[in-house]
Amino acid sequence: MKPPRFAYERATSVQAALQRLASHGPDIKLLAGGQSLMPMLNFRLLRPLLLLDINHLAELQQLQLLDDGTLRLGALLRHQQVLKAPQVQQHWPVMAAALAQIGHLAIRNRGTLGGSLSHADPAAEWPLLALLLQARLHLASAEGSRCIEAAEFITGAMSTALQPQELLTAVDFPALASGHGWGFAEHARRSGDFAIAAAGVLLWAEAGRITQVRIAVGGGVEGACRVPGAEAALLGCPLGMRPEDAVLQRVLDALRASVQPNVDLHASAALRAQIMAAMLRQALLAAWARLPGTGGTDQRSGSHA
Ligand SMILES: Cc1cc2nc3c(=O)[nH]c(=O)nc-3n(C[C@H](O)[C@H](O)[C@H](O)COP(=O)(O)OP(=O)(O)OC[C@H]3O[C@@H](n4cnc5c(N)ncnc54)[C@H](O)[C@@H]3O)c2cc1C
């Protein structure tokens, strides 16, 4: 199908874009990579009067490492630009591993961080990463700006706290305390497809026990989410034991108790629950193996389903 008729305008600055959004917010769709927006227009799921193209706004394309170690990513950075950034490869290997799973190279070269988070597909990698890495999102409007936690921003499947007059300008990823173990695993029917299920895990340990845990899952759920019950099950676990012996079953039980997978064309709820548990198991074992003191693999090497 062809898209409905719309006007096209290229934004010349962030301020100009915000003024346009202030006067015509609900009638406007911002055009970033167009990888989700254009299919939605072609299917006539959206009928904006104006597409406001933000692709030429250099202010939204900065990648900065701030003095406190925070990684600040402009909303218009492409998935592939972030994935290849040396700072990301070195300090946020879980991010690099997850971004490598987005679609194909052509999609990663066009699609943007801001577009993915604003679209909030529950099977997309960025929402899961934003929750796992406790990202903070910068939202601007003609009236001012605000900064909110990823957990507040993502309100469900394809649903966010973004207002029609707002533009997502940048996302902050706080520095990760050193010595963490990380794992990311996802399963899709074919390489490049959206995930049927995905899981990310971060672990920290002190004096031979797990002291901090973050677990996020996505793909075929009502929205990417953290799994507090599974995180709690891991706290205090001794590193001397194999996770399979120590705690794995309790973690997977907590996942099943708190996350209800969706049914769709790709998987029944029961199958998806099984795949999600398998992904969490795989990500957890990888994170455990990368913790200093477990005699595991190199901190930076990846693990994918
Ligand atoms: C074949 C195919 C396979 C794909 N596979 C995957 C996959 O495996 N994993 C995955 O995560 N994604 C996948 N995608 C989606 C892709 O990652 C998109 O890039 C992403 O979902 C949207 O980003 P975009 O920059 O293209 O945004 P657009 O399509 O331009 O915009 C999406 C929405 O966000 C809004 N928006 C964009 N930027 C901003 C901003 N800065 N502030 C406020 N609102 C904004 C737009 O108005 C629109 O409503 C796939 C896409 C295709 C076509």
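**Exercise 1. Find the ligand atom that pairs with the side chain of Ser118.**

Solution. A nitrogen atom of the ligand is 3.2 Å from an N or O atom in the Ser118 side chain. A polar contact is a pair of N or O atoms within 3.5 Å. The model is predicted: local features need pLDDT of at least 70, side-chain atom pairs count only at pLDDT 80 or more, and totals for chains, interfaces and linings use all residues. Residues are numbered from 1 along each chain as its sequence is written, and side-chain values use heavy atoms, without hydrogens and water.

Next, take His79. Its side chain has an N or O atom 3.0 Å from an oxygen atom of the ligand. Then turn to the backbone. A polar backbone atom of Leu168 is 2.9 Å from a ligand nitrogen. Finally, check the cover. On its own the ligand has 980 Å² of accessible area (Shrake-Rupley, 1.4 Å probe). The protein covers 89% of that area.

**Exercise 2. Describe the shell around the ligand.**

Solution. Start with the count: 29 residues surround the ligand. A residue is near if one of its heavy atoms lies within 4 Å. Leu30, Gly34, Leu37, Thr112 and Glu125 are the closest.

Now assign elements, using DSSP runs (helices H or I, at least four residues; strands E, at least two). β2 (28-31), α7 (113-119) and β10 (167-173) each supply at least two shell residues. α7 gives the most, with four.

Last, sort by class. The shell holds twelve nonpolar, 14 polar and three charged residues. Gly counts as polar here.

**Exercise 3. Place the second largest pocket relative to the domains.**

Solution. List the domains that line the pocket. Domain 2 (61-173) and domain 3 (181-290) both give residues to the lining, so the pocket lies between them. The domain bounds come from an automatic or database assignment. Then sort the lining: six nonpolar, three polar and six charged residues.

Conventions
Polar contact = N/O pair within 3.5 Å; in protein donor to acceptor, adjacent residues only side chain to side chain.
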